[in-house]
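Reader: I am new to this structure. Please take me through one part of it closely, the place where two helices pack, and then set that part in the whole chain.

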Amino acid sequence: MNARVHSRTVPVPVLISLLVALPLAAEQGPPPVSPAGPRIGLVLGGGGAKGAAHIGVLRVLDEMRIPISCVVGTSMGALVGGTFASGMPPEEIEREVLAINWSKTVGSEGARDRMPINRKLAGITYTNSLDLGIKGGRLQGGGGLLKSQNIEDVIRGLVTAARSTKDFDDLPIPFRAVATDMLAGDMVVLEDGDLSVAMRASMSVPGAFSPVLMEGMVLADGGMMRNLPVDVARRLCADVVIAVSLESPAPQPENLTTTLDLASRSLDVMIEANQKAQVATLTDVDVSIVVPMGDIGSASFQRIPEAVPLGRAAALAQQAKLRRYALPEDQYLAWRQSLSRESGSPMRLADVKVTGLKRVSPDYVRTQLEIVAPGKQVTTAQIVADTARIYALGDFERVEYVLSGPRDATTLEVRAVEKSWGPRFVRFDLGFTASGVGNLEAVIRADYDRTWLNQRGGEWRNAIQFGQQSLLQTSLYQPLDVPQHFFIEPLIRFENDREDIYDEGDRVATYALRQLYGQIDAGMNLGPRAQIRAGLRSGWLDAQRDTGATVLPNIDRQVDSSAQLRFVYDTRNDASLPTRGTFLNARLVSSGAWLGGQESYGLAEGVLSKFYPFRGDALSFILGGGKRLNGQLPPTQEFQLGGIRTFPGLQYGELRGDSYWVAGTRYNWKIADIQSLFGQTIYAGLRLQAGRMGEPIDEADDGAVYGISGNLGANTPLGPIILSLGYVDNDSWALQLAIGRPIAEGSILDEAR
């Protein structure tokens with residue numbers, strides 16, 4: 001791709017500039033009719049979600065019969081402008097934009113549905129999405145905090161046929177996209193190559209999306225150099241410029257009191273400055289359309305339906321000036337018909353190639369292509385569905401596709417770009433809990449994974465955790481077949497837990513429970529939803545009283561060996577605060593002398609939880625239980641109930657014994673959005689729960705207990721935050737707070753939350 005580089009100005013990071021996702025562009029055809037009169041250049045400025053207003057402007061220009069000779073756009077303006085230049089009529093653009101699911105396109109909705117079950121379980125309690133790599137002895141992350149795969153998919157789908165037009169002068173309407181070279185600090189005008197890449201480069205907000213690497217340049221959002229590129233349009237074709245800019249009201253003084261407020265506003269001021277400089281070059285023959293956006297912000301994608309009519313109103317306010325350039329109806333229809341392209345029809349694939357891989361097995365990637373295959377007739381949407389499955393594997397920065405050849409013998413090339421900061425990944429997590437009676441617990445954890453040790457996808461996994469519950473673990477996850485249906489996983493784990501012991505609701509002692517064991521599992525992944533594994537475990541455990549009365553005897557080191565069987569089924573949309581889906585987790589343990597253990601015992605435990613969206617809120621049900629099948633359970637295997645997640649109103653581990661059951665329901669009312677596109681909300685909840693601990697260690701079996709609790713919670717960028725006030729009918733009250741990574745509460749209910 002050739003790019004014109006223009007004079008340097010002061011580079012400024014822009015706030016948020018995303019896209020309007022659109023459907024397939026029409027196929028390329030003959031060049032448009034050139035209407036008589038001055039050549040009109042349409043300039044569309046950047047502005048994130050506010051840029052949907054450009055669609056309203058396009059509708060008015062079409063209704064007034066204003067022909068456009070060339071289009072230049074920045075950021076969102078490049079996305080809307082590139083779509084229009086590729087031949088899509090304004091009414092179709094509007095129809096498709098209003099049908100977009102923005103929570104899926106820009107946010108995280110649906111991402112977990114495609115995630116392999118092994119990846120779901122490996123990160124089941126992570127509270128953040130930071131995925132760091134180790135390169136050259138330093139931590140390194142991706143180029144942007146937001147994943148752009150879905151955005152890139154819709155851009156490619158939007159201009160599918162136009163991507164084969166390498167010279168943007170040969171599009172139905174000549175087009176230019178403006179980007180910024182982050183190395184040189186120069187404005188870059190993109191004039192040829194892959195149209196979708198040019199559009200993507202123009203909207204690559206630094207820090208939000210990874211930049212586009214091209215011809216030795218690092219390209220990012222063009223708004224930093226030229227948010228309203230009037231001068232580019234004049235050089236391209238324009239005798240007359242129609243410039244569309246998006247205006248937000250200046251903040252009030254009381255809203256500029258913090259460092260963050262001032263830093264954010266300084267960026268706006270500097271971007272507005274380069275835009276004002278371009279507006280100042282407009283003459284009497286040009287038309288400036290300024291769209292007042294009110295309180296619609298750059299990231300307000302849920303308010304796009306409100307932005308479109310604002311653009312329409314602003315354009316109608318300039319009717320008198322625009323009317324000078326209107327064509328007679330017959331001339332305009334001839335011009336518009338020359339732009340029209342037939343919608344893309346399904347294509348028949350002659351070949352499917354997977355390229356760009358260095359570590360990841362191409363054969364494994366091909367197993368994710370459930371729809372596309374040589375000889376099949378497919379649509380662009382079906383190609384996107386398959387590439388989305390590849391991206392969900394978690395090994396790639398992005399997954400691109402390129403189509404070539406005739407529609408009856410098309411070659412599909414899938415280009416999977418591996419994470420440049422891999423294959424050694426590090427993740428960090430932090431959790432904190434507190435209760436009104438003074439109980440404080442915290443954990444800090446780090447995980448290190450070395451992926452793709454071999455062509456079957458072997459992974460070396462390591463974890464270290466400090467705090468109330470400390471652990472050190474290493475394992476080798478080794479798939480046995482190309483699709484990774486079958487696997488083995490040997491592991492070594494050391495745990496050191498400090499646990500409080502209660503006698504009839506009173507804390508009487510604290511014990512240190514330690515165990516060290518090795519285990520080897522063999523298992524099967526059942527698609528993206530379920531996994532079954534069986535294994536053998538052998539090691540030692542001990543339990544030593546740290547403080548308090550002698551409630552449990554000290555247990556000196558003893559050998560504990562067992563056979564383990566576990567089944568997990570998970571379709572939840574979120575691991576921490578789900579609003580839909582099902583979670584089923586069950587385990588069976590059998591320990592005995594036949595494996596070299598000093599004690600013989602058996603246990604079974606399981607939990608089933610269901611989550612339902614209801615009128616914007618969430619309703620959930622949970623049923624769980626565990627039972628000692630034979631022998632005497634060691635302290636490390638005893639069941640516990642109590643805590644903000646398993647039984648609010650009871651302290652952590654307040655009920656402890658050899659069997660239990662629990663059932664409950666919860667309703668969460670959404671009361672405010674933090675960032676709705678990413679499922680980050682504030683909610684208020686009411687929870688009803690019943691349960692019983694059988695054979696408790698304090699021998700105080702009072703039968704079933706019933707509880708009610710109210711809570712305020714939020715799913716935040718830092719993880720879940722929950723504040724709960726609970727009451728249990730044994731006259732127990734508890735005010736409890738949990739932040740970040742969940743603290744284990746001693747039963748399989750921990751993972752259901």
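Author: Here is the helix pair, followed by two residues and the chain as a whole.

This is a predicted model, in which local features need pLDDT of at least 70, side-chain atom pairs count only at pLDDT 80 or more, and totals for chains, interfaces and linings use all residues. Residues are numbered from 1 along each chain as its sequence is written, and side-chain values use heavy atoms, with hydrogens and water left out.

Start with the pair. Helix α1 covers residues 53-63, and helix α2 covers residues 76-85. Helices here are DSSP runs of H or I with at least four residues, strands are runs of E with at least two, and both are numbered from the N terminus. The two helices pack at an angle of about 35 degrees, and their axes lie 9 Å apart. Axes are lines fitted to C-alpha atoms, for helices over the stretch in contact; angles run from 0 to 180 degrees between N-to-C directions. The crossing of α1 and α2 is right-handed: the near helix is turned clockwise from the far one by less than a right angle.

Now the residues that meet. From α1 come His54, Ile55 and Leu58; from α2 come Gly77, Val80 and Phe84. Contact means heavy atoms within 4.5 Å. By class, this contact has 4 nonpolar, 2 polar and no charged residues. Nonpolar means Ala, Val, Leu, Ile, Met, Phe, Trp, Tyr, Cys and Pro; charged means Asp, Glu, Lys and Arg; the others, Gly among them, are polar.

Met76 is also in α2. Met76 counts as buried because its relative accessible area is 0%. Buried means under 20%, exposed over 50%, and partly exposed in between, with a 1.4 Å probe and protein chains only. Met76 is 100 residues from Arg176 in sequence, yet their C-alpha atoms are 13 Å apart.

Look next at a strand. Asp351 lies in β12, residues 347-355. Asp351 has 30% relative accessibility, so it counts as partly exposed. Leaving out residues up to four places away in sequence, Asp351 touches Pro374, Thr410, Thr411 and Leu412. Asp351 and Gly375 are 24 residues apart along the chain, with 7.7 Å between their C-alpha atoms.

Finally, the whole chain. The protein chain has 16 helices and 32 strands. Of its 753 residues, 54% are buried. Among contacts between residues at least 6 apart in sequence, 68% join residues at least 24 apart. The C-alpha trace spans about 95 × 60 × 45 Å along its principal axes.
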